[in-house]
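This report goes through a few parts of one protein model. Please look over the sequence and the structure before reading on.

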Amino acid sequence: MFSVKELVESVSLTSLPSNYIFGNTEFDRHCLLMEPEETVPIIDFSLLTSHDPHQRSKTITQLGNACLDWGFFMVINHGVAETLRDEMVRETESFFDLRGDEKKQYAGKKLFDPIRCGTSFNANVDKTLLWRDYLKIHVHPHFNAPSKPYGFSKVLREYCEKTREMASELLRGISESLGLEERYINEKLGVESSESHQLFVANMYPPCPQPELAMGLPPHSDHGLLTILMQNGIQGLQVMHKGKWVLINPLPNSFLVNTGDHMEILTNGKYKSVVHRAVVNNKSTRISIGTAHGPPLDTPVSPAKELVADDAGQAYLGITYRNYLELQQSKSLSGKSCLDRLRFSM
């Protein structure tokens with residue numbers, strides 16, 4: 001199976017193959033000014049789940065402000081053991097280190113294949129290939145895992161259970177920050193149900209001979225309500241904030257969380273999904289591990305009537321989560337192009 005990792009290991013690359021080079025106009029659009037001084041919001045998860053109503057209320061306000069102003073925040077004191085995080089990174093690296101023939105059985109071409117690994121985003125339609133290999137696993141409602149590496153399945157199950165619990169608690173806080181009942185989002189969209197959807201996505205970005213000409217992932221927003229992300233200590237995630245890119249330097253043992261397109265739809269645009277991208281470097285392999293959290297696949301998602309002002313109206317068409325995933329996968333990644341197709345003309 002062809003991959004960026006195999007390409008890098010098969011030849012001594014000194015320049016970037018032409019099919020990975022972003023054209024001038026395309027690349028210039030990606031290279032807006034960087035903003036190094038911005039402070040990313042930090043949410044103390046232990047205070048969000050505190051029995052002290054004052055601490056919890058204060059943290060819910062901070063969470064709402066983070067969703068409103070950034071669509072992105074760091075989570076600290078989350079209770080997920082550092083050893084489990086480290087094991088998940090190691091097992092993911094071990095998967096990418098498997099021989100090509102061992103990974104071949106997972107080279108699925110269908111969106112809802114239980115386990116799928118490959119390269120770029122959608123190599124069939126991508127005009128320029130991305131400097132990225134990926135592993136995608138549908139881990140809930142039905143748990144799936146590759147048979148190799150041998151320890152992967154056990155670690156994956158525990159890790160995904162922990163991040164699912166974290167997402168549920170964050171969504172309770174977000175519900176309250178919107179002036180809704182604590183369990184509103186979880187109950188309306190079935191996020192805590194046995195059929196809720198969780199997708200595990202691991203990305204590998206090998207060293208690139210000309211990183212200034214390539215992209216790991218182009219500017220895009222995520223599907224789902226929340227994405228919970230960690231990485232292997234190598235920087236590369238950039239978030240769009242107030243028209244400028246902010247390079248994210250996570251605090252040790254923190255998780256990075258961003259709001260997704262379905263949060264924007266549900267809140268009728270109040271909490272917007274954040275545009276972000278992954279850049280590459282010429283020295284170290286970057287690993288990122290994300291879990292996307294959404295409703296059951298056949299649940300329609302539309303703006304909550306409680307959040308639709310009479311004078312403004314509904315800003316987005318409703319769509320099932322399944323249909324949205326299919327819509328996104330049918331195109332190349334490009335900003336919010338998928339979400340834009342659901343906007344009502346005002």
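Two strands are said to pair if DSSP finds at least two bridges between them. The model described here is predicted.

**Strand 10 and its partners**

With pairing defined in that way, Leu229 stands opposite Leu256 in strand 10. Leu229 belongs to strand 7, residues 226–231, which pairs with strand 10 in the antiparallel sense over four bridges. Strand 2 also pairs with strand 10 in the antiparallel sense, over four bridges. In that pairing, Met74 stands opposite Leu256.

| Partner of strand 10 | Sense | Bridges | Residue opposite Leu256 |
|---|---|---|---|
| Strand 2 | antiparallel | four bridges | Met74 |
| Strand 7 | antiparallel | four bridges | Leu229 |

Are the residues of strand 10 buried or exposed? Five of its five residues are buried. In a regular strand the side chains alternate between the two faces of the sheet. In strand 10, Phe255, Val257 and Thr259 point one way, while Leu256 and Asn258 point the other way.

**Helix 4**

Helix 4 covers residues 53–69. With 17 residues at 1.5 Å a residue, helix 4 should span 24 Å, and its end C-alpha atoms are 24 Å apart, which agrees. Its buried residues are Arg56, Thr59, Ile60, Leu63, Gly64, Ala66 and Cys67. Seen down the helix axis, these buried residues fall within an arc of 160°, so they line one face of helix 4. An α-helix has 3.6 residues a turn, so residues three or four places apart point the same way.

What covers the buried residues of helix 4? The cover includes strand 1 (42–44), helix 3 (45–48), strand 2 (72–76), helix 7 (152–177) and strand 10 (255–259).

At the N-terminal end of helix 4, Asp52 acts as a cap, with a side-chain oxygen 2.9 Å from the backbone nitrogen of His54. Just after the helix, Gly71 takes a positive phi of about 70°.

**Nonpolar cores**

The largest nonpolar core has 63 residues. Leu135, Ile174, Ile185 and Phe200 have the most contacts inside this core. Helix 7 gives the most to the core, with 10 residues. Leaving aside residues up to four places away in sequence, Ile185 touches Leu171, Ile174, Ser175, Leu178, Gly190, Val191, Leu225, Met263 and Leu266. Another core, of 15 residues, lies apart from the largest one. Among its residues are Leu7, Trp131, Tyr205 and Cys208.

Definitions and conventions:
Residues numbered from 1 in each chain as written. Predicted model: local features only at pLDDT ≥ 70, side-chain atom pairs only at ≥ 80, totals over all residues. Heavy atoms only, no water. Helix = DSSP H or I, 4+ residues; strand = E, 2+ residues; numbered from the N terminus. Expected span 1.5 Å × (residues − 1). Buried < 20%, exposed > 50% of the residue type's maximum accessible area, 1.4 Å probe, protein only. Arc of directions from axis to C-beta. Contact = heavy atoms within 4.5 Å. Polar contact = N/O pair within 3.5 Å; in protein donor to acceptor, adjacent residues only side chain to side chain. Core = buried A, V, L, I, M, F, W, Y, C linked by side-chain atoms within 4.5 Å.
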